[in-house]
Amino acid sequence: MSTTQDLQNFTSQVRRDIVRMVHAVQSGHPGGSLGCTEFLVTLYQDVLQHNPKTWDMNGKNQDLFFLSNGHISPVWYSVLARSGYFNVSELATFRKLDSRLQGHPTTHEHLPGVRIASGSLGQGLSAACGAALAKKMNNDSNHIYVLMGDGELQEGQVWEAAMFAAAKKIDNLIATIDLNGQQIDGSTKDVLDTGEWKPKWEAFGWIVLEMNGNDIAELQSTLNKAKSLSGNEKPVMILMKTIMGNGVDFMMGSHKWHGIPPNDEQLQNALSQNAETLGDY
Ligand SMILES: Cc1ncc(C[n+]2csc(CCOP(=O)(O)OP(=O)(O)O)c2C)c(N)n1
Ligand SMILES: [Mg+2]
């Protein structure tokens, strides 16, 4: 198990990677990436049972993670690279022509760690259901994790998968929603006020947990709790409160940084707030 301080240091480096990647090509999605940094760092460094060196598409006897809100690829690519899936120097190719690190992940480039294309919102939970069922049929006791955005929940396909997972008792599935309260055009409340999520997921037959996704100690304990609640004939949902743009003060809490890059001055400001702990790529 990693210490909370180790994970905090890792998080700081990933934040640097995110802002440097989107700044370098002047495109990409820093807001959601920064808000989900603690989550992905804790998942990959402390929770997932995985072996980056023997990675393959099937992932037999390993935990699998699916990123459904594929636009937050900067944080995922950084965490994958720094967890050993590929060389960190490849982060410099983000969003460039012929790069394996496309703005939205696809399987076409064969980037280790990526098992589905995502970016077209709404599909990841369905893919995760299929993978989780396959694990059960193969008597593989590992878990399937998936992350979705809160704006993404407005996609109808999410609710088909929500019904399917409960009906089929897919209890090796641990889903998380990034509840940052923001989406591309404004706050989720202003765009489509959907009310409380907890009673909705419970009514659909899920076990529902809540956590602060920007608190590493809480992430560690809640993710472990989710694991301990699996195997009870119900899928597990973690409603994760985050702050969009977390860790870069002028990006925090606003949908405006959903998909725009920092300029030179803003980059320096963002970097000054996040120490270089593992070495820049
Ligand atoms: C099917 C589909 N419709 C629309 C989009 C355009 N789009 C990209 S991100 C986004 C907002 C998603 O909101 P959320 O999931 O909350 O992500 P956040 O802004 O918090 O990162 C939209 C509408 C898309 N990628 N896919
Ligand atoms: Mg959101």
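Which protein donors does the magnesium ion (ligand 2) have? Here are some friendly notes to help you find the answer in this predicted model.

1. Start with the metal. Asp150 (OD), Asn180 (OD1) and Gln182 (O) are the protein donors of the magnesium ion (ligand 2), and they lie 2.1 to 2.2 Å from it. Written along the sequence, the spacing of these donor residues is D-x29-N-x1-Q. The pair of aspartate 150 and glutamine 182 links distant parts of the chain, 32 residues apart. Aspartate 150 is in the loop between strand 2 (144-149) and helix 6 (156-167), while glutamine 182 belongs to strand 4 (residues 182-183).

2. Now turn to ligand 1. There are 16 residues around ligand 1, and those that come nearest are Gly119, Asp150, Gly151, Asn180 and His258. The shell is made up of ten polar, three nonpolar and three charged residues.

3. Next, look at individual atom pairs. An N or O atom in the side chain of asparagine 180 is 2.7 Å from an oxygen atom of ligand 1. A polar backbone atom of glutamine 182 lies 2.9 Å from an oxygen atom of the ligand, and a polar backbone atom of leucine 121 lies 3.1 Å from a nitrogen atom of ligand 1.

4. Finally, consider the cover. On its own, ligand 1 has 590 Å² of accessible area, and the protein covers 76% of that. The space that ligand 1 takes is the second largest pocket.

Definitions and conventions:
Residues numbered from 1 in each chain as written. Chains lettered and ligands numbered in written order. Predicted model: local features only at pLDDT ≥ 70, side-chain atom pairs only at ≥ 80, totals over all residues. Heavy atoms only, no water. Near = heavy atom within 4 Å. Polar contact = N/O pair within 3.5 Å; in protein donor to acceptor, adjacent residues only side chain to side chain. Areas by Shrake-Rupley, 256 points an atom, 1.4 Å probe, with all protein chains shown as cover. 1 Å grid on protein atoms, 1.4 Å probe; cavity = no way out; pocket = protein on both sides within 12 Å on 5 of 7 lines; lining within 4 Å. Sits in = over half its atoms within 2 Å of the grid points. Nonpolar A, V, L, I, M, F, W, Y, C, P; charged D, E, K, R; others polar. Donors = N, O, S within 2.8 Å, 3.2 Å for Na, K, Ca; no water. Helix = DSSP H or I, 4+ residues; strand = E, 2+ residues; numbered from the N terminus.
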